[in-house]
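I opened this notebook to keep track of what I looked up in the structure and in the order I looked it up. The coordinates and the sequence come before the entries.

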Amino acid sequence: MDEIIYMNLESSPSFLLFIFFGTIIVITALSVIFQKNPVVSAVSLVFTFFALAGIYGIMGALFIATMQVLVYAGAIMVLIVFVLMLLSQRTETLSRYREYPIRLVLLSVFVFGFFFLLYSALTTGVPHSDQMGKGYALTEYSYPIQGTGTVNVKGNVATVGASTYLDYILPFEMISILLLVAVLGAVILAKKRLTEVEQTKDTVL
Amino acid sequence: MNQIVNGIPISYILGLAGILFSIGVLGVLIRRNIVIIFMSVELILNSVNLVFVTFSKALSHISGETIVFFVMAIAAAEAAVGLALVIAIFRHKKSTNVDELQSMRW
């Protein structure tokens, strides 16, 4: 088994992309917890999420990569940055880059190269997914359903969707109830009580 | 179990997930800003997602990726409730430093 591993370390594009994205993940995750300004930590966390989406793309989990970008780098980061904007009174340090054009150019080159490599990771993940197991075979897979025969799915996204709605339908419905309760709880926690509005109008925020 | 996922040994990916988990735990322990503690919890959840996807690929079974979808939904609910709590605490205490939250100390 070891010789197979050492053989595959050479000249494999997905392995080189894994090294790149792993390095990005470690550096930006360390930057999240060691930066003094919370806004810089949030931006570093966005890069961590995008690099994780790249690793999911290398491994062929395209649905998870898409959900990583949509849910984590989109929704949750918008929530965190919005709360930081509500709470933090510090000045934004990112506007300093306008005074240093070389630093701005280097940052832009890094960002564009990063997203180019993310794109190439998402495209090389598909032809390298050569495992012929459940959900990853290039041929169709049939889910047996009692009474109505079988349903045929093909590809990663369709397989994850079929597994969600056929094997895990009860946890899916419970997740929907949990999200409803969480949103209601967040609204109740974050709203001001009506009797306190007159007392705290001039002191809070 | 397949030891190599698309040309990457799974021990490397699991090592990366362990490093990410350790960084998240370190952030929870050493930081005092409550929003950064939330970001560290997100790092921990992401390392767990990476382990789920890795074993889903190594075992060639799709259930791991389905569970990652559920973990993301749980993380979204946790972020919504947690950040609402942060806003409520900030409105009450005028601070996001967890050292100043001593209301429940005996």
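The entries below go from chain A to chain B, then to the interface and to a few single residues.

**Entry 1: what kind of model**

I note before anything else that this is a predicted model, and I read every value below as computed from that model.

**Entry 2: chain A as a whole**

I began with the secondary structure and found eight helices and two strands in chain A. Reading from the N terminus, I wrote down the order of its elements as α-α-α-α-α-β-β-α-α-α, which places the two strands one after the other, following five helices and preceding three. Chain A has 205 residues, and I found 37% of them buried. I then looked at its contacts with a separation of 6 or more and noted that 54% of these come from residues 24 or more positions apart. For the accessible surface of chain A I obtained about 12,400 Å², with 69% of it belonging to carbon and sulfur atoms.

**Entry 3: annotated spans of chain A**

I turned to the record next, where an unreviewed UniProt entry lists residues 15–34, 41–64, 70–88, 100–122 and 168–190 of chain A as "transmembrane region". I checked two of these spans against the model. Residues 15–34 of chain A are 100% helix and 0% strand, and their end C-alpha atoms lie 28 Å apart. Residues 168–190 of chain A are 96% helix and 0% strand, with 33 Å between the end C-alpha atoms.

**Entry 4: annotated spans and helices of chain B**

For chain B, the unreviewed UniProt entry gives residues 12–30, 35–55 and 67–90 under "transmembrane region". In the model, residues 12–30 of chain B are 100% helix and 0% strand, and 27 Å separates the end C-alpha atoms. Residues 35–55 of chain B are likewise 100% helix and 0% strand, and here the end C-alpha atoms are 31 Å apart. I also looked at helix α3 of chain B, residues 63–93, whose 31 residues reach 44 Å from first C-alpha to last, close to the expected 45 Å. After α3(B) comes B:Lys94, and I noted that its phi is positive, near 60°.

**Entry 5: where the chains meet**

How many residues of each chain take part in the contact between chain B and chain A? I counted 62 residues of chain B in contact with 76 residues of chain A. The area buried between the two chains is about 6,000 Å², and carbon and sulfur atoms give 77% of it. B:Asn6, B:Met39 and B:Arg91 supply 12% of the area that chain B buries against chain A, more than any other three residues.

**Entry 6: B:Arg31**

Is B:Arg31, which sits in the loop between α1 and α2 of chain B, buried or exposed? Its relative accessible area is 16%, and since buried means under 20%, B:Arg31 counts as buried. Beyond its neighbours within four places in sequence, I found B:Arg31 in contact with A:Val32, A:Ile33, A:Phe34, A:Gln35 and A:Lys36, and also with B:Ile36 and B:Ile37. A polar atom of the B:Arg31 side chain lies 3.1 Å from the backbone oxygen of A:Ile33.

**Entry 7: B:Thr54**

I moved on to B:Thr54 in helix α2 of chain B, which is buried at 0% relative accessibility. With neighbours within four places in sequence set aside, its contacts are A:Met59, B:Val5, B:Ile10, B:Ile13 and B:Leu14.

**Entry 8: three further residues**

B:Val25, in helix α1 of chain B, is partly exposed, with a relative accessible area of 31%. Its C-alpha lies 9.2 Å from that of B:Ile37, twelve residues away in sequence.

B:Ile89, in helix α3 of chain B, is also partly exposed, at 28% relative accessible area. I found 16 Å between the C-alpha atoms of B:Ile89 and B:Glu78, which are eleven residues apart along the chain. Residues up to four places away not counted, B:Ile89 touches B:Lys94, B:Ser95 and B:Leu101, and B:Lys94 is the residue I had noted after α3(B).

Finally, A:Val78 belongs to helix α4 of chain A, residues 62–87, and counts as exposed at 57% relative accessibility. The C-alpha atoms of A:Val78 and A:Ala42 are 9.6 Å apart, with their positions 36 residues apart along the chain.

Conventions: Residues are numbered from 1 along each chain as its sequence is written. Chains are lettered from A and ligands numbered from 1 in the order in which they are written. This is a predicted model: local features need pLDDT of at least 70, side-chain atom pairs count only at pLDDT 80 or more; totals for chains, interfaces and linings use all residues. Side-chain values use heavy atoms; hydrogens and water are left out. Helices (H or I, at least four residues) and strands (E, at least two) are DSSP runs, numbered from the N terminus. The expected span of a helix is 1.5 Å times one less than its number of residues. Buried means under 20% relative accessible area, exposed over 50%, partly exposed in between (1.4 Å probe, protein chains only). Contact means heavy atoms within 4.5 Å. Accessible areas come from the Shrake-Rupley method with a 1.4 Å probe; for residues, only the protein chains shown count as cover. UniProt positions are given in the numbering used here, feature names are shortened, and annotations may be inferred rather than shown by experiment. A polar contact is a pair of N or O atoms within 3.5 Å; within protein, one must be able to donate a hydrogen and the other to accept it, and residues adjacent in sequence count only if both atoms are side-chain atoms. Buried area is the accessible area (1.4 Å probe) that two parts lose on being put together, summed over both.
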